[in-house]
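Thanks for sharing this one with me. Please have the sequence and the model open side by side while you go through my notes.

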Amino acid sequence: MVYETVIGLEIHAELKTKTKIFCSCSTEFGKKPNENTCPICLGIPGTLPVLNEDVIKLAVKAGTALGCKINNYNKMDRKNYFYPDLTKNFQTSQYDIPMCGEGLS
């Protein structure tokens, strides 16, 4: 019996964009606490996030550099559980249909 080791990585990166990934709040460092927040950042019910186009471009650029398959369709998922440092209690992530996958091997 032959086994093949397959390792997947979930990458967290800070991108040099002027606004956050799901809203138009600034990412400028050094502001007063909670100055760069809005109802979308805080996860207020009824708010609708809008994906930052610059984030998509940077993700595709990174995926291309890593030899990934760039998916024409992807989706975001909510990880709903307690986060001590995130009061909205969910994190938006990509799980089963990410933007980029199957990279360098």
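The points below cover confidence, one asparagine and one helix.

1. A word on ground rules: this is a predicted model, in which local features need pLDDT of at least 70, side-chain atom pairs count only at pLDDT 80 or more, and totals for chains, interfaces and linings use all residues. Residues are numbered from 1 along each chain as its sequence is written, and side-chain values use heavy atoms, leaving out hydrogens and water.

2. On confidence, the chain has an average pLDDT (the predictor's confidence in each residue, from 0 to 100) of 83, and 90% of the residues score at least 70. Among the elements (DSSP runs numbered from the N terminus: helices, H or I, of at least four residues; strands, E, of at least two), helix 2 (residues 53–65) has the highest mean, 90, and strand 3 (residues 90–93) the lowest, 70. Where pLDDT is low, the predicted coordinates should not be read in detail.

3. Do look at N36, in the segment before helix 1 (39–42). N36 counts as buried (under 20% relative accessible area, 1.4 Å probe, protein chains only) because its relative accessibility is 16%. The side chain of N36 has a polar atom 3.3 Å from the backbone oxygen of S26, and also reaches the backbone oxygen of E28 at 3.2 Å.

4. Helix 2 is worth a visit too: its 13 residues span 19 Å from first C-alpha to last, close to the 18 Å expected at 1.5 Å a residue. At its start, a side-chain oxygen of N52 comes within 2.8 Å of the backbone nitrogen of D54. Just after helix 2, G67 adopts a positive phi of about 70°.

Methods:
Buried means under 20% relative accessible area, exposed over 50%, partly exposed in between (1.4 Å probe, protein chains only). A polar contact is a pair of N or O atoms within 3.5 Å; within protein, one must be able to donate a hydrogen and the other to accept it, and residues adjacent in sequence count only if both atoms are side-chain atoms. The expected span of a helix is 1.5 Å times one less than its number of residues.
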